[in-house]
Structure formats: structure tokens, C-alpha cells
Amino acid sequence: MKEFLDVMTCPFLACLVLVGIHVYLGLHILARVVIFVDLSIAQLAALGTTTGFLLGFAFESFETYLFSLGFTLLGAVAFSLTRFRKQTIPQEAIVGIIYVVASSLMILLMDRAPHGAEHIKALLVGQILWATGRNVLETAIIYGIMGILFFIFHRRFQTISESPELAMEKGWSILFWDFLFYSLFGFIVTHSVRIAGVLLVFSFLIVPGVFSSLFSSQWKTRLFIGWGMGTFVSMLGISISYIFDLPTGATVVTTFGFVLLLSGIIYALVRRIS
């Protein structure tokens, strides 16, 4: 037990910090019906890291972080500019295109890098197992500041996410508030990808929100349900990875999938019986 706590305490705390902010952001993404925007931004962050790495900077350096952040801000501009009141092309299609192009570019660039496959794996599944107390503290402080900003602007963000028509009637600039939302969102995702990888970040953002929507339509209730689900799955996934000596990030992602699948089956059976 002591060995388990020594090895897994920091990864679990890192998961809790990620759950705290990402569940909230995931509810916005679900309300906007742009489910893969987080995956697309995460992939842009990974592409930025790859670009910085190929330009000669260390994989975990501050310089590659700036490249990563720069690419996500470009994504924030693109997503805020492509949300129209009447859309000929769904924004989700644009999100998907950006994702596949960014993914392909990352593969092409990594093909030129030494040990490229290992770096791609690190970007996808992350290295949360190696999270330290300092990583957790820094991340908690950064996300705490971001959380305060989201709390201050929550009503505007929520209105624009759920009812952009009402926001327009109030005279709010959809373009400005969308850019602010996606910029803050991109900053968080950029930091998260460095810790947890693209796939785990996507899971933290979307799966708890989908799970909570099975049980409530109220924003606050869904938030608390999502936090509870994310915490439980993180604990379960980390425990499984330790017991069976499996990659931690991939195990937690898979656990999210199985728990959501099982919950969906139980939910369908209960509704059918009632």
C-alpha cells in the first residue's frame, strides 16, 4: 500500500486538478455542439510542440510550450471566426478538418525527427505517471486563476454557449466572447496536453459531461456529477494501471470508456423497465 501511494499519489492529484477545470469546460463544449473542438485544439497544441522540437528546442522546454500555445491561439481565432448565425458549412466540419490536418502535419514532421514514434506516443497518451508535486501545484495555481476568470464571465459564456441568439439580442459581441473563451480554453488545453496527452485531455473534457447529461439537465448538478464521475474513474484507472503494470494515461482513458458504456446500458435498461 505504501508503495502504491508513493508512486500514484501525484498522478492521482494531477487527475483531480484536470477534472476540476475540464469538466466545466466540457459542459460548454457539449452545449455548443462542437464536440471535437477540444480534440482539435489539443492536436494543435501537440503540433506546436512538434514544430518547436524540430526547430531544435527540447521537447519539454519553455520554447516548445510557446510554440504550442501559439498554435492553439491560432485555433481560437479560427473557431471564433467560423461560428455564424446561419451556417452553410457546420462548424463541426471545420473543427474536424483542422484536427485531421494538424494530426497529419504532426506525423509528417515527426517522421523527420529521431525517435519520432516515441514522441507521438507521449503527445497522445501523455506522461501523467511522472507528474511531480511541483507539477501538480503549478497546474493547480494556473487552473485556479483560469477558474476565477471563468467564474467572473460565466453568465456570458453560458449564454453564448447555450443561446447565442439571446446574446445577440443583448448586443454582446459573439466574436469577441468566443475568441476570449477559446483563448482561455486553448491555454488550459496546451498546459494539459503536456501533462496528460491528447487522448486523456479529451476524455476529461467530454466523458464526464456526457455521463452527467444522463441524469440531469441542470448546469450545476451536471457539474457536480461530472466531478464525481471523473474522480472515481481517475482513481479506478490509476489503480488498474498499477495492479496490472499498464500505461497510466491509456488505462484511465479506457476506463472512462468502459464506465460510460456500462452506465449507458444500465440507464437504458432502467428507462425501459420504468
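Leaving aside its neighbours within four places in sequence, which residues is Thr-248 in contact with? In this predicted model, the partners are Met-8, Ile-128, Leu-129, Ile-238 and Ser-241. Thr-248 itself sits in helix 11, which covers residues 248-273. Its relative accessibility comes out at 5%, so Thr-248 counts as buried. One longer span can be added to the picture: Ser-104 is 144 residues away from Thr-248 along the chain, and the two C-alpha atoms are 25 Å apart.

One of those partners, Ile-128, turns up again in the largest nonpolar core. This core has 73 residues, and the ones that touch the most other members are Leu-25, Val-37, Ile-128, Phe-150, Tyr-182 and Val-189. As for who supplies it, helix 9 (residues 174-213) gives the most, with 20 residues. Leu-25 makes a handy example of how the packing runs. Once residues up to four places away in sequence are set aside, Leu-25 touches Phe-150, Phe-181, Phe-185, Ile-188 and Leu-205. As a general backdrop, nonpolar side chains in soluble globular proteins tend to be buried together.

Next come the open spaces. The largest pocket has a volume of about 440 Å³, and 16 residues line it. Closest to the pocket centre are Tyr-24, Phe-150, Phe-151, His-154 and Leu-223. Phe-150 is thus a name met twice, being also among the core residues that touch the most other members. Several helices share the job of lining this pocket: helix 1 (2-32), helix 6 (133-152), helix 7 (154-162) and helix 10 (219-243) each put in at least two residues. Helix 10 gives the most, with five. Sorted by class, the pocket lining comes to 10 nonpolar residues, four polar ones and two charged ones.

There is closed-off space too. The structure holds one cavity of 30 Å³ or more, and about 80 Å³ of space lies in the largest cavity. Its lining is made up of Thr-49, Phe-59, Glu-60, Ala-122, Leu-123, Gly-126, Gln-127, Val-193 and Arg-194. Two elements give two or more residues to that lining, namely helix 5 (116-125) and helix 9. Four of the lining residues are nonpolar, three are polar and two are charged.

Thr-49, from the cavity lining, also leads on to Ser-68. Not counting residues up to four places away in sequence, Ser-68 touches Thr-49 along with Ala-45, Ala-46, Gly-48 and Thr-190. Ser-68 belongs to helix 3 (residues 62-81). With a relative accessibility of 1%, Ser-68 counts as buried. Thr-51 is 17 residues from Ser-68 along the chain, and 8.2 Å separates their C-alpha atoms.

What about cross-links between cysteines? A search of the whole structure finds zero disulfides. For Cys-10, the closest cysteine sulfur belongs to Cys-15, and the two sulfurs are too far apart for a bond because 11 Å lies between them. Looked at from the other end, Cys-15 is in no disulfide either, its nearest cysteine sulfur being that of Cys-10, 11 Å away. The pair also sit in contrasting surroundings: Cys-10 is partly exposed, with a relative accessible area of 23%, whereas Cys-15 is buried at 0% relative accessibility.

Finally, the backbone has a couple of quirks in its loops. Most residues other than glycine have a negative phi. Against that background, Val-33 has a phi near 55 degrees, a positive value in a residue other than glycine. Val-33 lies in the loop between helix 1 and helix 2 (37-54), and is exposed, with a relative accessible area of 58%. Asp-245 likewise has a positive phi, near 55 degrees, and is a residue other than glycine. Its place is in the loop between helix 10 and helix 11. Asp-245 has a relative accessible area of 70%, so this loop residue counts as exposed.

Terms used: Residues are numbered from 1 along each chain as its sequence is written. Side-chain values use heavy atoms; hydrogens and water are left out. A nonpolar core is a set of buried Ala, Val, Leu, Ile, Met, Phe, Trp, Tyr and Cys residues joined through side-chain atoms within 4.5 Å. Buried means under 20% relative accessible area, exposed over 50%, partly exposed in between (1.4 Å probe, protein chains only). Helices (H or I, at least four residues) and strands (E, at least two) are DSSP runs, numbered from the N terminus. Contact means heavy atoms within 4.5 Å. On a 1 Å grid over the protein atoms alone, a cavity is a set of points where a 1.4 Å probe fits but cannot get out, and a pocket is an open set with protein on both sides within 12 Å along at least five of seven lines; lining residues have an atom within 4 Å of a point. Grid points are joined across faces, edges and corners, and a volume is the space filled by probe spheres set on the points. Ala, Val, Leu, Ile, Met, Phe, Trp, Tyr, Cys and Pro count as nonpolar, Asp, Glu, Lys and Arg as charged, and the others, Gly among them, as polar. A disulfide is a pair of cysteine sulfur atoms within 2.5 Å.
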